[in-house]
Structures are given as C-alpha cells and as structure tokens.
Amino acid sequence: MNGRQNGRPTLEQVAARAGVGRGTVSRVINGSPRVSEQTRTAVARAVAELGYVPNQAARALAGSRTDAIALVIPEAEARLFAEPYFLDLIRGVSAELADADKQLLLTLVRSEQERQRFEQYLAAQRVDGVLLASVHGDDPLPDRIRELGLPVVMNGRRSEAEPVAYVDSDNIGAGRAAVAHLVARGRSRIATVTGPPDMYVARARLGGYRAGLAEAGIAPDEALVSVGDFTEEGGRRAMRLLLDRSPDLDAVFAASDVMAAGARGVLREAGRRVPEDVALVGVDDSAVARLMDPPLTSVRQPIEEMGRTMARMLIQEIHGSPEAPEEPRRRVLPTELIVRESC
C-alpha cells in the first residue's frame, strides 16, 4: 500500500505500517527515550517508506518546541463569557498549563472560514497540541488535527465511539440522578429541556433522563421532551413549548443550569411556583444555580478538574510520557447531585 495514494501520509498509516499504536509513533517522532530500539527502527522504516515527514518531527529533531497549547471553543464570544461552564473549564486548563510552564492560546472558531484559517495556523506548527471544547457531532476539526500530527484532547466527545482522546463527565448518570431525585420527591409528570441533538452530551443526558423514567416505572411521553441549545433563551423557548403541550407537568430536568434559569423565568411568568407547582433540576452546579431564586438543585460535574485533566493528558502525550498509552485515552469523571430549594 502506498501511503501517498490518498494525499499526505497520516500518523495512523505510519502506525499500521510499523505494526504499533499511534501513540508509539508520536513518541518516536518526538524523540522519547521510552521506546525500544526495535520499535524505533520499525517506525523509522515506516516513516521512510511512506514519506511521512511532518513539521512536528523536524521541530523535535531540532530540539525545540513552542511551549504553547491552543484551547479551541467553537462558540461566539457572547456565549463564551455568559456561561460559567466555559469560564470554569478555562480556569482549570490555565492552572494546569501554568504549572507546566505552558502558554495558553484561547481560540474561538465560529465559521468554516475561521476553521480553515486555524488549520493553516496549526499546519505551521505554532502550537505543541490542541484542546477542544463544545464540539458538535459533525465537526471535522479533531480528525484534521490528528492528521496534522498534533496531539489533541477533547472536552466531551462526538459519539460513543469517539476515536480522539477525551475527558468527559458521567452525563447519563447525571440524567438518571436528576430523575430519581424528582421521583423521590413525588413528581410523576417529569419534563426535560435537552441540549442540541447533534451534541453527544445532550443525547447522553436525555438518555439518562429516559433511563431514570424507566427505572421508576414511568412511561415515556415525547410531549414532555423539548429541545434547547444550552443558552438561557433556548431554555425559555423550550419551557414555553412544554407548558403549551403539557400544562400538567410537575417537574423539569434541564440539561444545564443556564437553560434551567431560562425555564425558571417562563414558569414565573406563567404563575407556576418553584418548587410547589413545578420542581426544577439543572446540570453543572454553577454560580447560576446558587444565585437563582430559589437556589437550584443541580447535578455537579467537576468542570475545573476536567480542564486540568485534559491539559495533563495532552502534556503527557506531547512529552512522550511513559504514562501515555498507545491508544487514545478516555476519562469519564463522576457527577454528584447537589440538593437545594428548587426541589
């Protein structure tokens, strides 16, 4: 097989030719001492046969790095600074990179043109690795980054079969815990405001909601499911639709605190008391949850710790740490229900 048949040879093609994992190839290219001489020879032969000569290899051979890490968030500035989730994630990433003497480059990718420009920036090898957040299911950027030979770690994942390294929280468990709590409080007409269906996190939390209903012996009702977009206004729109379709609902599980805040506003406008008439649960346990009236019961996910873990995993891969396995790593951190006055 000629690695050039489909364009520039990839790290995966080198790994397949050498009979090793992608992580091993990366460590060889980066000059890691934690590789056997036999493996190093096999990788070098595969690199030569396929003509794989990435800029990253040349930089490693020269003994230099940029010591810069890009954190990419494909969202508009308004959402970035309005949602505590992103600020907590950035805080965690920044703290870990500072401990490792790495520079953080925060990048917003809001259009196809910006994505292409960012890919060109990466191709020039101006960063040592990339962290990605808020990635939708059809986003090609994670795969493109790997094709460029750069280490990448995602916050969350695009699907259950995600091939790229990621750090996630137990989103299915979050939905199940929220519903179990609502059922224990005597609620039976439990609605949900979901996130966008093209995001795995939204599908997982919806799956947890449905699993929670099944475990409680409650028949599912699609009229009690309304799609939001993880924004406050999206939560408001979804809540209005729920009240129109199912005015007898007595509880709402919102897939984020921000959407729960939007839902809370609509319930108040409709004369529904929280929690007397409608119980409300969110996800994130952000400042939004603590400042709501009444304070919001929420499923806490360790956002700062996810940011730190992402950065740590990426640094280990960049430096060819012996702790970094050959296959992409997958970390799922636990969630915890924090009970307040909204339920």
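**Figure 1. Confidence along the predicted chain.** In this predicted model, residues 1–6 keep a pLDDT under 50, and the model gives them eight contacts beyond four places in sequence. A second stretch, residues 55–63, also stays under 50. For residues 55–63 the model has 17 contacts beyond four places in sequence. Where pLDDT is low, the predicted coordinates should not be read in detail. Across the protein chain the average pLDDT is 87. At least 70 is reached by 90% of the residues.

**Figure 2. The whole chain, with 14 helices and 12 strands.** The protein chain has 343 residues, and 55% of them are buried. Its exposed surface comes to about 14600 Å². Carbon and sulfur atoms supply 50% of that area. Among contacts with a separation of 6 or more, 71% link residues 24 or more positions apart.

**Figure 3. An open sheet of six strands.** The strand order is β2-β1-β3-β4-β5-β11, and the pairing is parallel. At the edges sit β2 (103–108) and β11 (330–333), each paired on one side only. From one strand to the next, the twist averages 20 degrees. The view then moves to the β11 edge. Strand β5 (residues 166–169) runs parallel to β11, and four bridges join the two. Which residue of β11 stands opposite Tyr 166? Arg 330 does.

**Figure 4. Helix α1 and the glycine after it.** Helix α1 covers residues 11–18. Its buried residues are Leu 11, Gln 13, Val 14, Ala 15 and Ala 18. An α-helix has 3.6 residues a turn, so residues three or four places apart point the same way. Gly 19 follows α1. The phi of Gly 19 is positive, near 75 degrees.

**Figure 5. A side-chain contact between Arg 144 and Glu 119.** Arg 144 belongs to helix α8 (residues 141–147). Is Arg 144 buried or exposed? Arg 144 counts as partly exposed because its relative accessible area is 32%, between the 20% and 50% cut-offs. The side chains of Arg 144 and Glu 119 make a polar contact at 3.3 Å. In sequence these two residues are 25 residues apart. In space their C-alpha atoms are 7.8 Å apart.

**Figure 6. Strand β9, with six of its six residues buried.** Strand β9 spans residues 279–284. Ala 279, Val 281 and Val 283 point one way from β9. Leu 280, Gly 282 and Asp 284 point the other way. Residues on both sides are buried. Strand β8 (residues 251–254) runs parallel to β9, joined by three bridges. One bridge pairs Ala 251 with Ala 279 of β9.

**Figure 7. The loop between β9 and α13.** Asp 285 lies in this loop, and so does Ser 286, with helix α13 spanning 287–291. Asp 285 is not a glycine, yet its phi is positive, about 55 degrees. Asp 285 counts as buried because its relative accessibility is 8%, under the 20% cut-off. Ser 286 is buried too, with a relative accessible area of 4%. Which residues does Ser 286 touch, leaving aside those up to four places away in sequence? They are Pro 84 and Asp 257.

**Figure 8. Phe 230, a residue with positive phi that is not a glycine.** Phe 230 sits in the loop between β7 (225–227) and α11 (232–245). Its phi is about 70 degrees. Phe 230 is classed as buried because its relative accessible area is 7%, under the 20% cut-off.

**Figure 9. Two prolines joined through cis peptide bonds.** Val 274 and Pro 275 are linked by a cis peptide bond, with omega about 10 degrees. Pro 275 is in the loop between α12 (257–269) and β9. A cis peptide bond also joins Asp 293 and Pro 294. Omega there is about 0 degrees. Pro 294 is placed in the loop between α13 and β10 (297–300).

Note on methods:
Residues are numbered from 1 along each chain as its sequence is written. This is a predicted model: local features need pLDDT of at least 70, side-chain atom pairs count only at pLDDT 80 or more; totals for chains, interfaces and linings use all residues. Side-chain values use heavy atoms; hydrogens and water are left out. Buried means under 20% relative accessible area, exposed over 50%, partly exposed in between (1.4 Å probe, protein chains only). A polar contact is a pair of N or O atoms within 3.5 Å; within protein, one must be able to donate a hydrogen and the other to accept it, and residues adjacent in sequence count only if both atoms are side-chain atoms. Two strands pair if DSSP finds at least two bridges between them. Axes are lines fitted to C-alpha atoms, for helices over the stretch in contact, and angles run from 0 to 180 degrees between N-to-C directions. Contact means heavy atoms within 4.5 Å. Accessible areas come from the Shrake-Rupley method with a 1.4 Å probe; for residues, only the protein chains shown count as cover. pLDDT is the predictor's confidence in each residue, from 0 to 100.
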